[in-house]
Amino acid sequence: MKKILITVCLLMATAVAIATPVDEMKNNTIAQYKIMVISDIHLLAPALHDDGQAAVALDSGDMKLVLESDLVMEKMAHVIESEKPSLLLITGDLTLNGARASHKRLVEHLKQLKLKGVKTLVIPGNHDVLCPYSRSYLGDKAQPVATVTAQEFATLYQDSGYGCGSERDPSSLSYVCEPLPGLVVLGIDSNRYSENRSVTWNDSVTVYNNGGIVKGSTLEWIAGSEILRQARASGKKVIAMMHHHLVEHIDGEAKMLPNYIVSNNEQVCQQLQQVGVRAVFTGHLHITDAATWGGTITDVATGSASAFPLPMRIATISQRLDTMTISTRFLDKDIDNSILQKSLSKINNSAPALAAIASRRLWARMGKQMGAIKEMLASQGVDLSHFPQDEHDLQELILRHMQQPLSQSLLAITCGDEQPQQASSIIDAIRKGLQSMVAEVIPEQVDTVGEFLVESLMPRVEPLLRSALEDINQLGSPQESRTPDLSLKIAL
């Protein structure tokens, strides 16, 4: 659902960055540490589902490989073992909806990695703690199951950041530690699970907040952290990880998709800059993308481990700990092709859901004016027999004329490193789609109304599409920058 929102919001509505392509690296860089990063596993424990109607309904309505998530994690673990990293970071949404059984299953995977010599650090996502939609999918009906509290989360993952050697924030699940000599990792809890409510917990209503914020008390804790103070004093390097985005990956993200970037991101950026953070790993929006704030902090977002193209980040830190080179690996050659194709088909078949959300939002905005619009058209002798009568009709109209560019744009944004030529093709298809929608609904006015729609709407939509599809941030401003998504180098 979250990836669907990206394309919908885009349809509705270069300064030098510190990240540079890998091919510009000096050949004499010697690796000191290798770190791998995965995100948004959304693991559903095998014990919580079978092949009944409840599981089938869950799978058919989700763009992730929810029923195969445990198998995908197993395959990723094998790849991680073969890569022999010094450290694995997991940036939240460890489980599908926070079921205790799913957390315990993931802990089993992490214990096996530990036996292979791989240290892990995790941070919770919005799905992981006090989630009101924790369910089992056995037989014909989904049933509530136990989730975990913040304290239970910390206990479960005591070997992955919450045990001895870490400095903990008293007011959140944030922590800081030095897992590798000279490299400090700051894990930031950006979730709002304390606001969640559920009728199954004897609350009168169900409330679920997937938005993000870094508490003021957490920022104060970061500012006063003894480990971070010592790191600055001794010249150690600090990287961070959190679930929600810190930097806008699409121009206008904070306005269009407010639940996917921390609401106080400017304040957080300034605080992280003060403690020496130049790179932060994030997840949440299920896109493999990178963006830079103010020429100083690069937000490296990793797509969902359970959704196409099944990405993993590999970050290599130089011997002097002064640069971090990031590449991206996919699970395509390490998993059964039928599962890979299933994940791809979920993206390619996303157009109906995209059209449904677009029509719902557009109808909500246009509903009050719809009567006046129809009256005006009728007074001009326009045949309204093809005019949408409700949001379902609008959904079908959008789908008939926008199916291909909707799916193409979502696939491009999800996979990363989009190309200008591809962006131009998608934008042109959207422009033609708008015109053909008008031609179907009011053919008598196709020239005037169609031209008006294109001329009035596209100047607002096209910059957003270009920002997303061409990897441009702060488009048209003096701070405009393009940060590569899949291969980049960051100065620490």
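# A guided tour, from an aromatic cluster outward

Start by selecting Phe-153, Tyr-157, Tyr-162 and Tyr-175, which together form one aromatic cluster. Rings of Phe, Tyr and Trp (its six-membered ring) pair if their centres lie within 6.5 Å; planes under 30 degrees apart count as stacked, over 60 as edge-to-face and the rest as tilted.

Before you move on, a word on what you have open. This is a predicted model, in which local features need pLDDT of at least 70 and side-chain atom pairs count only at pLDDT 80 or more, while totals for chains, interfaces and linings use all residues. Residues are numbered from 1 along each chain as its sequence is written, and side-chain values use heavy atoms, with hydrogens and water left out.

**Stop 1: the aromatic pairs**

How many aromatic pairs does the structure hold? There are 4 of them. For one of these, select Tyr-133 and Tyr-208: the pair is edge-to-face, at 5.7 Å centre to centre and with 80 degrees between the planes. Tyr-133 belongs to the loop between E4 and strand E5 (135-138), and Tyr-208 to the loop between strand E9 (183-188) and helix H7 (216-224), so that the pair links parts of the chain 75 residues apart. Helices (H or I, at least four residues) and strands (E, at least two) are DSSP runs, numbered from the N terminus.

Now show the surface around these two rings. Tyr-133 is partly exposed at 35% relative accessibility, and Tyr-208 is partly exposed too, at 25%. Here buried means under 20% relative accessible area, exposed over 50%, and partly exposed in between (1.4 Å probe, protein chains only).

Next, return to Tyr-162 and Tyr-175, another edge-to-face pair, with 4.7 Å centre to centre and 65 degrees between the planes. Tyr-162 sits in helix H6 (residues 158-162) and Tyr-175 in strand E8 (residues 175-180), 13 residues apart. Are these two rings buried or exposed? Both Tyr-162 and Tyr-175 are buried.

**Stop 2: the open sheet**

With E8 still in view, colour the strands. An open sheet of 7 strands runs in the order E7-E8-E9-E10-E11-E13-E12, with mixed pairing. Its edge strands are E7 (167-168) and E12 (289-293), each of which pairs on one side only. Two strands pair if DSSP finds at least two bridges between them. Strands of a sheet pair through backbone hydrogen bonds, either parallel or antiparallel.

Zoom in on E9 and strand E10 (residues 237-242): they run parallel and are joined by 6 bridges. To see one bridge, select Ile-188 and its partner in E10, Met-242.

**Stop 3: strand E3 and its neighbours**

Select strand E3 (residues 87-90) and look at both of its faces. Leu-87 and Leu-89 lie on one side, Leu-88 and Ile-90 on the other, and all are buried. Strand E2 (residues 31-38) runs parallel to E3, with 4 bridges between them; look for Ile-35 opposite Leu-87. E3 also runs parallel to strand E4 (residues 119-122), again through 4 bridges, and here Leu-89 stands opposite Leu-121.

Add helix H4 (residues 100-115) to the view: E3, H4 and E4 make a right-handed β-α-β unit. A crossover is right-handed if, with the strands pointing away from the viewer, the path from the first strand over the helix to the second runs clockwise.

**Stop 4: the nonpolar cores**

Which residues have the most contacts inside the largest nonpolar core? They are Leu-89, Phe-281 and Met-324, in a core of 105 residues. Helix H13 (residues 391-415) gives the largest share of this core, 10 residues. A nonpolar core is a set of buried Ala, Val, Leu, Ile, Met, Phe, Trp, Tyr and Cys residues joined through side-chain atoms within 4.5 Å.

Select Met-324 and display its surroundings. Leaving aside neighbours within four places in sequence, its contacts (heavy atoms within 4.5 Å) include Ile-239, Ala-279, Phe-281, Ile-317 and Leu-492. Apart from this core lies another of 26 residues, among them Val-214, Trp-221, Leu-228 and Val-277.

**Stop 5: some single residues**

Go to Gly-224 in helix H7. Gly-224 counts as exposed because its relative accessible area is 57%. Gly-224 and Val-275 are 51 residues apart in sequence, with 9.8 Å from C-alpha to C-alpha.

For your last selection, try Ser-425 in helix H14 (residues 420-441). Ser-425 is partly exposed, at 45% relative accessible area. From Ser-425 to Ile-222 is 203 residues in sequence and 45 Å in space, C-alpha to C-alpha.
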